Amino acid sequence: MQDNECQPVEIDKYKDIFLGQVVHSKDEAYNLYQEHGFKMGFSVRKGKELYYDNDKKNTRLKDFYCSKQGFKNNEPEGEIASKVTYQRADSRTNCKAMVRFNVSKDGEWRITKFIMDHNHEFVPLEQRHLLRSFRKVSEAKGGLIKSMVNAGMKVTNIWNYLGEEVGGYDKLGMTMKDMHNFVYTEKMKLIEAGDAQSLVNHLQNRQAQDAMFYYSVQLDQESRLTNVFWRDGKSRVDYDCFGDVVVFDTTYRTNKYNLICAPFVGVNHHGQNVMFGCAFLSNETSISFNWLFKVFLESMGNKQPKTIFTDQDGAMAKAIGEVMPNTTHRLCLWHISKNAPSHLGGDLKSDLKFQSLFRKCMSGCDSKEEFESTWSDMINEYKLQNHTWLSGMYKIRHKWSTAYSKDVFSADIKSSQRSESTNSVLGDITGKTTGLSQFILAFEKMVNKWRQLETEKEFKNSQSMPPRIINISETLRQTSMIYTHKIFKLFLNEYLTGTGGSTSKDIGGSDNLSYHEVSSNHMSNKKHIVTFDSSATSISCSCRKFNTMAILCSHALRIYNIKGILRIPDQYFLRRWSKKARSVVYDHIHESAKEDSLSKNAMNNDDGDSMILYRNAIMKFFYNLALDSQEHKETQQIMWKLLYNGAQSVQQCISELNLNLKGTTSDNNFTQNEDTEHAAICNPLPAQTKGMSYTRKKGHFEKRKGSTTKEKQPKKKRKKDNFCSINSSMDGPSNVHSNIDNTLNVPFTSFGAPPIPFTSMLQGTNSLVQESSNHRFPPSSAFQDRQALERN
């Protein structure tokens with residue numbers, strides 16, 4: 001706020017106004033008469049304006065009136081007013097007071113007519129701050145109001161705060177209604193181009209600001225938005241560091257259009273949520289999921305996660321199998337345990353022994369053999385051989401029983417509750433009437449909070465060491481320097497349990513191998529076999545905790561302690577759990593530099609994987625450098641010098657090698673869709689809000705019997721939908737421009753009723769429209785085009 005922003009007006013220092021007086025602009029003319037009005041006690045209204053040669057930029061004559069000039073709606077006395085007009089208060093008295101300015105072609109505004117007589121009472125001094133022409137939300141005040149609304153304050157509280165700040169409401173220069181109108185006007189700017197259109201505008205603007213921003217929009221044959229995916233550059237960096245495990249959940253809807261919100265969530269080295277990207281989906285069909293997963297992988301350099309957690313859904317499972325064949329698909333145990341009682345019946349859901357056996361099958365078995373034995377005992381004891389639901393669950397046991405995932409890294413996640421917690425946050429900041437643009441801004445604010453929390457954790461980890469409990473322990477000293485505080489705490493629990501809460505005995509060995517049986521004191525009947533290789537100081541345990549969590553288990557740590565191994569070998573430290581998880585080190589670059597022949601063979605590989613790997617590595621490296629250097633001029637100068645010298649060296653080397661790079665200058669070889677090239681994007685059809693629940697959308701097991709995720713076949717043959725998609729990414733060259741009609745490029749300011757940030761949304765330049773073939777979602781062809789381009 002400026003120093004003089006809300007200061008009281010001094011009414012005894014106004015300019016005199018008289019015939020022949022000269023000013024030099026329309027604003028000066030208006031302010032002159034307004035000041036006279038405030039001094040006298042009446043409000044001012046702008047009136048008739050004439051122009052030279054009908055050029056509205058060249059004013060010839062301008063009138064300013066007393067606000068009580070004329071009659072309400074310009075109706076003469078005696079006529080019957082309309083109903084709407086009648087309901088409004090009548091403040092007009094047909095006052096003749098006015099001032100006229102004649103404007104010369106030189107821009108000189110001279111008063112040529114001035115009527116001072118009024119036919120109404122003047123407003124007393126103590127009420128003059130309420131005069132309409134005097135009330136105004138200035139730019140500085142508006143910015144302050146936006147910031148406070150942005151922080152979650154209600155308009156009423158802002159009004160009270162500002163009133164206290166300036167020493168009285170009469171010194172604010174506005175009323176509470178003015179403030180409400182201002183907030184509403186800013187909100188309307190958000191959707192003036194159409195909700196879906198504004199969403200695309202915002203994505204375009206984000207891409208203009210973030211070189212690594214990626215989004216893809218899909219439209220139907222009526223140019224109506226159906227599906228959209230986006231992720232920013234930071235999400236790409238996060239995925240490179242922590243994209244081994246992804247939690248994907250589709251149980252939250254935006255409500256207004258009933259679109260499905262589908263976030264991709266991961267876990268970082270502090271055990272916190274990280275956002276890899278988000279999507280709006282119009283339905284839960286295999287086609288929609290196929291499109292989404294292909295776009296997601298394309299945006300992440302086609303790197304598949306090791307494990308993905310989802311709710312049980314046939315269409316989703318089919319799409320994951322087709323698009324991510326190398327990814328282990330796991331089901332959310334939380335959903336299964338919550339919904340199992342509705343399928344088991346009254347006797348089973350209250351039987352404690354059955355519940356214990358079923359829980360053991362889910363997460364208590366250490367091997368497939370133990371699962372099969374436990375499952376068989378449960379089925380036989382309760383005679384459930386013909387139970388439909390249990391039979392179906394047995395067929396997909398590899399997706400939900402932890403006994404079948406012992407060799408796959410999962411960060412010890414067993415459910416999609418990380419994504420469910422995201423939905424809980426989104427549900428708190430959005431409502432039934434929330435539009436797409438408002439939603440994405442609220443979503444971005446939530447992600448920024450997550451990232452701020454991670455920054456705080458990073459600071460704490462760099463400035464302090466976790467408590468080791470046993471200060472003289474070399475193992476704890478070593479691990480406390482490598483692991484983050486969160487992961488060290490998990491390791492410490494395993495270490496203490498192994499060294500002080502378990503027993504072990506040798507059960508044989510040969511050569512350098514020895515075998516040990518370890519059991520925890522609180523579960524003496526559960527034994528694990530640990531194999532130790534003294535030649536390489538390597539160790540493995542039958543519980544296989546290291547495979548799934550990448551942290552040594554208590555059983556292995558006990559044997560290390562007995563064998564006198566005080567320092568954990570380097571192979572048992574996973575980089576993604578370390579304090580340096582985000583440091584940019586690319587081992588493949590060093591390896592390829594060591595062996596030039598391998599590098600040449602990789603570069604000549606037809607599939608182009610090495611080039612994609614190289615490009616992604618370079619982009620990530622410079623993206624992080626750009627973020628780190630942007631705050632200071634000195635670091636910016638270093639970056640510019642680095643880029644200049646590097647560019648010169650690269651171009652010189654290219655010239656010497658005489659490489660022909662024609663045809664490989666663009667990654668985005670997309671085809672423009674002429675049908676939608678000049679069409680504005682339409683909003684999805686609004687959802688029926690009557691009777692709509694505020695709660696989260698039910699998962700597969702929670703839906704009513706008979707519902708299905710598959711598309712229902714209509715009785716009558718329907719006309720096929722033609723789909724097109726808009727894909728945009730700055731991962732490739734930035735000289736590719738869209739030919740979409742300018743209706744996409746309507747600037748607007750973001751503002752909404754929820755506590756969401758104001759963002760200046762400028763028009764974007766890099767949207768691309770691609771026509772679908774065979775009535776399927778086309779983004780996959782974009783990736784194929786890129787691959788073909790690189791092979792050539």
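**A guided tour of selected sites**

Asn-302 is the opening selection: at a relative accessible area of 35%, this residue is partly exposed (buried means under 20%, exposed over 50% and partly exposed in between, with a 1.4 Å probe and protein chains only). The model is predicted, so local features need pLDDT of at least 70 and side-chain atom pairs count only at pLDDT 80 or more, while totals for chains, interfaces and linings use all residues. Residues are numbered from 1 along each chain as its sequence is written, and side-chain values use heavy atoms, with hydrogens and water left out.

Asn-302 sits in the loop between α8 (286–299) and β12 (307–310); helices (H or I, at least four residues) and strands (E, at least two) are DSSP runs, numbered from the N terminus. Its backbone deserves inspection: phi of Asn-302 is near 65 degrees, a positive value in a residue other than glycine.

Select Ile-469 next. This residue, in the loop between α17 (436–463) and α18 (474–482), is not a glycine, yet has a positive phi of about 65 degrees. Ile-469 counts as exposed, with 58% relative accessibility.

Proceed to the sheet. Four strands form an open sheet in the order β14-β15-β16-β17, with antiparallel pairing (two strands pair if DSSP finds at least two bridges between them). At its edges are β14 (502–510) and β17 (538–541), each pairing on one side only. From one strand to the next, the twist averages 25 degrees. Within the sheet, 8 bridges join β15 (residues 513–520) to β16 (residues 523–533). To view one bridge pair, select Tyr-515 and its partner in β16, Thr-531.

Now select His-555, which belongs to helix α21 (residues 554–563). Is His-555 buried or exposed? With a relative accessible area of 8%, His-555 is buried. Apart from neighbours within four places in sequence, His-555 is in contact with Val-518, Ser-520, His-528, Val-530, Cys-541 and Cys-543 (contact means heavy atoms within 4.5 Å).

Finish at the surface by selecting Ile-618, Phe-621, Phe-622, Trp-640, Leu-642 and Leu-643, which make a nonpolar patch of about 550 Å². Patches are made of residues with over 30% relative accessible area and no salt bridge; like charges are joined within 9 Å and nonpolar side chains (Val, Leu, Ile, Met, Phe, Trp, Tyr) within 5 Å. Helices α24 (609–629) and α25 (633–657) each supply at least two residues of this patch. Leu-642, found in α25, counts as partly exposed at 42% relative accessibility.

How values were computed
Accessible areas come from the Shrake-Rupley method with a 1.4 Å probe; for residues, only the protein chains shown count as cover. A salt bridge is a side-chain nitrogen of Lys or Arg within 4 Å of a carboxyl oxygen of Asp or Glu. Axes are lines fitted to C-alpha atoms, for helices over the stretch in contact, and angles run from 0 to 180 degrees between N-to-C directions.
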